[in-house]
Amino acid sequence: MPVARPETSDARVIAHVDMDCFYVQVEQRKQPELRGLPTAVVQYNEWQGGGLIAVSYEARRCGVKRSMRGEEAKAACPDIQLVQVPVARGKADLNTYRTAGSEVVSILAQSGKCERASIDEVYLDLTDAAESMLADAPPESLESIDEEALKSHILGINREDGDDFKESVRDWICRKDADRRDKLLGCGIIIVAELRKQVLKETEFSCSAGVAHNKMLAKLASGMNKPAQQTVVPYAAVQELLTSLPIKKMKQLGGKLGTSLQTDLGIVTVGDLLQFSETKLQEHYGINTGTWLWNIARGISGEEVQGRLLPKSHGSGKTFPGPRALRSLSNVQHWLNQLSEELYERLSSDLEQNKRIASTLTLHATAFRSKDSDSHKKFPSKSCPLRYGVTKVQEDAFNLFQAALREYMGPFGTKPQGNKKETWRITGLSVSASKIVDIPSGTSSIMRYFQSQSTIPSCSTSGCLQEHVAVTPSASESCSEQKSAETEAAMPPDKDMSITDTSPDLDNSYGNMDMVPEKDVSCQSNEATEFPTQSGSNKGTQTKTSGQKIKEKSRGMHSVVDIFKNYSAAPRSKQETQEDSTVSLTSNRGSLSSSTSHSSEMNKEVGDRRETEWGYKVGEIDQSVFDELPYEIQREFRSFLRPNKRPNAGKSKGDGSASSGIAHYFPPLKR
DNA sequence: ACGGGTGACACC
DNA sequence: TGGTGTCAC
């Protein structure tokens, strides 16, 4: 699965910045009295003291390790301070850590291309910055070198002898006869040291870093001297570093592939790997992975730093181990509601802070079937278009679950196999949102994407759009009677922490699956209109929530989601994919209310040519589709239609031309 | 059948 | 595609 990326010819300067026991630091910043004490962050304290997810270095010295239980940690290190992960909606809530991670990213993103690799890790491409420094103010010209930079570990430079190691570091950095690549790394050292100091100053978090010519080596280096230190891999040190390195230490080789290398080919160290020809490796692992392996054995990796500061998906999940497994639909629904709420909260802030909307909702679950044969059949994951609105996400998630459950339990209708009821247990649930696209920034997003519609070369005609949209799937093919009242009543106010599932189990049997209709059924959402499921393609997610919507879609309605999808498919004008370095922390750059004079001018244009220039008519977007828009977009849409009421109407001419004729197509704002 | 909750990515 | 599997922190 790793894929080979040949090294670019020019030497790059890549840094990997890794926060030291990040969750612990976040908690210690919140509670400074914990600083310096052996500390661990733990979640779910009920069972054996909860599971550790971060351990301070003081605690590590006591022998505490990640993946210990809280009680073990206490045994190993009686003084350890255990801090619990915040809990919301009955599940771990990692938002404080995400936010803290964003703080760091927004600092690190200032100096070059930046990739948020995980919640506490960042890659930086400092090539440009290093080259500039080399040109304008090379290290040898500086009268003093940053003290932090002088503390760097430079592979290949002996650091043991005495306390003049800083001198040797200085010498290395300033060597004027050095290879250009080394000079660039020398600049990188100084830049990274500076960045780390800035991170420490502005966030109080310490971090470690690796500086090298590619991501793989930088990543390797960042872990070599922790905490709060940085390590550099000069080109000349690569071979020595790698030859004795166990392959399992290399990223991507920590799992099955690494094991296979070891057991099938007898490869333990990268040096061993070096002995194998590229073709030999390809024979065993395919062309891509083979080449990739051959390359990394030589320290070659051309993987680029992706300019991405924001996640590409959001997910919310929870496991229900052993005795806590979910055994009833109503309990599953309850938890899906909780997960969906959290997910939606995060989607909302992504929209507000980053102006992005997600378009796909996916449900994952892990399950077991108690009786019966192939019990390791996987529970299928299912996805559908994401409709904005908490209850919509909740409904869709539940519908996806039911569709998947039917598939999982088999194509038998409502009858149990034999006389025993076949039962299921759910041990893990998660909902996630993906395919996140930027909304055209600033103001008038709606108009811009309308405009973009007419400029998309390949797929701008309404015919194409229509076809695309006509069968916009949603989660409700399996749309069951929601029986929400019943469910609500049946659901005990979350006593879930009790060891067993205490909720009623009435509906846990496939024999009782009448509430998960196999065939068509009337879909009772709020506006419940009856409709037939599409006959042939009973394939899971092919129908719309309401019959009304189906009808209207087939008349040529357009889903806003599709519009956005098409928009994002068009070449963006934005040159670099790197977002603003102001990420989320700086809570928002102008909410939609911050409009510009641009908008009024656009409005005028819009007023007259609405139906001719664009591939379709504004009025063709019906209410149900409108409802799928994120609330903020609805709001903007509305202001677009009624310029006089636009938030900063002051600047607008507000000719009102659109206000009467079109506005009635659109319902009151709904959340 | 506890390493939990999240994420990215390659493959088909 | 959407769905699956792997990997990592």
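Pro-227 sits in the loop between α9 (215–222) and β11. The peptide bond that leads into Pro-227 from Lys-226 is cis, with omega near -5°. The model in which this bond appears is a predicted one. Chain A is built from 24 helices and 15 strands, and 52% of its 671 residues count as buried. The points below start at strand β11, go on to the nonpolar cores and helix α7, and end with DNA strand B and two lysines.

**Strand β11 and Thr-231**

- Strand β11 covers residues 230–232, and Thr-231 is part of this strand.
- Thr-231 has a relative accessible area of 0%, so this residue counts as buried.
- The side chain of Thr-231 comes to 3.5 Å from the backbone oxygen of Ala-221.
- Leaving out residues up to four places away in sequence, Thr-231 touches His-153, Leu-155, Ala-209, Gly-210 and Val-211, and also Ala-221, Met-224 and Asn-225.

**Chain A as a whole**

- Among contacts in chain A with a separation of 6 or more, 72% are between residues 24 or more positions apart.
- Chain A exposes about 30,100 Å², and carbon and sulfur atoms supply 50% of that area.

**Nonpolar cores**

- In soluble globular proteins, nonpolar side chains tend to be buried together.
- The largest nonpolar core in this model has 52 residues. Leu-108, Leu-124 and Ile-173 are the residues with the most contacts inside this core.
- Helix α8 (residues 180–203) gives the most to this core, with 10 residues.
- Another core, of 38 residues, lies apart from the largest one. Val-332, Leu-361, Leu-363 and Trp-424 are among its residues.
- Leu-108 touches Val-17, Val-122, Leu-124, Leu-195 and Val-199, with residues up to four places away in sequence not counted.

**Helix α7**

- Helix α7 spans residues 165–174. Its buried residues include Phe-165, Val-169 and Trp-172, along with Ile-173 and Cys-174.
- The cover over the buried residues of α7 includes α6 (147–150), β9 (153–154) and α8.
- Two of these names have come up before: Ile-173 is one of the residues with the most contacts inside the largest core, and α8 is the helix that gives the most to that core.

**The surface near DNA strand B**

- DNA strand B is surrounded by 26 residues, of which Trp-47, Lys-312, Gly-315, Pro-321 and Arg-346 are the closest.
- Of the atoms of DNA strand B that come within 4 Å of the protein, 75% belong to sugar and phosphate.
- By residue type, this surface divides into 9 nonpolar, 8 polar and 9 charged residues.
- Three elements each supply at least two residues of the surface: β6 (91–92), β12 (314–319) and α14 (329–354). Strand β12 gives the most, with 6 residues.

**Polar contacts to phosphate**

- A polar backbone atom of Lys-312 is 2.5 Å from a phosphate oxygen of DNA strand B.
- Ser-313 has a polar side-chain atom 2.8 Å from a phosphate oxygen of DNA strand B.
- For Asn-288, an N or O atom in the side chain is 3.3 Å from a phosphate oxygen of DNA strand B.

**Lys-355 and Lys-435**

- Lys-355 lies in the loop between α14 and β13 (356–369). Phi of Lys-355 is near 55°, which is a positive value in a residue other than glycine.
- With 6% relative accessibility, Lys-355 counts as buried because the cut-off is under 20%.
- Lys-435 belongs to strand β15 (residues 424–438). Although Lys-435 is not a glycine, its phi is positive, at about 55°.
- The relative accessible area of Lys-435 is 54%, so Lys-435 counts as exposed.
- Lys-435 and Thr-360 are 75 residues apart in sequence, while their C-alpha atoms are 5.9 Å apart in space.
- Outside its neighbours within four places in sequence, Lys-435 is in contact with Ile-357, Ala-358, Ser-359 and Thr-360, as well as with Lys-312. Lys-312 is also one of the residues closest to DNA strand B.

Key
Residues are numbered from 1 along each chain as its sequence is written. Chains are lettered from A and ligands numbered from 1 in the order in which they are written. This is a predicted model: local features need pLDDT of at least 70, side-chain atom pairs count only at pLDDT 80 or more; totals for chains, interfaces and linings use all residues. Side-chain values use heavy atoms; hydrogens and water are left out. A residue is near a molecule or strand if one of its heavy atoms lies within 4 Å of it. A polar contact is a pair of N or O atoms within 3.5 Å; within protein, one must be able to donate a hydrogen and the other to accept it, and residues adjacent in sequence count only if both atoms are side-chain atoms. Helices (H or I, at least four residues) and strands (E, at least two) are DSSP runs, numbered from the N terminus. Ala, Val, Leu, Ile, Met, Phe, Trp, Tyr, Cys and Pro count as nonpolar, Asp, Glu, Lys and Arg as charged, and the others, Gly among them, as polar. A nonpolar core is a set of buried Ala, Val, Leu, Ile, Met, Phe, Trp, Tyr and Cys residues joined through side-chain atoms within 4.5 Å. Buried means under 20% relative accessible area, exposed over 50%, partly exposed in between (1.4 Å probe, protein chains only). Contact means heavy atoms within 4.5 Å. Accessible areas come from the Shrake-Rupley method with a 1.4 Å probe; for residues, only the protein chains shown count as cover.
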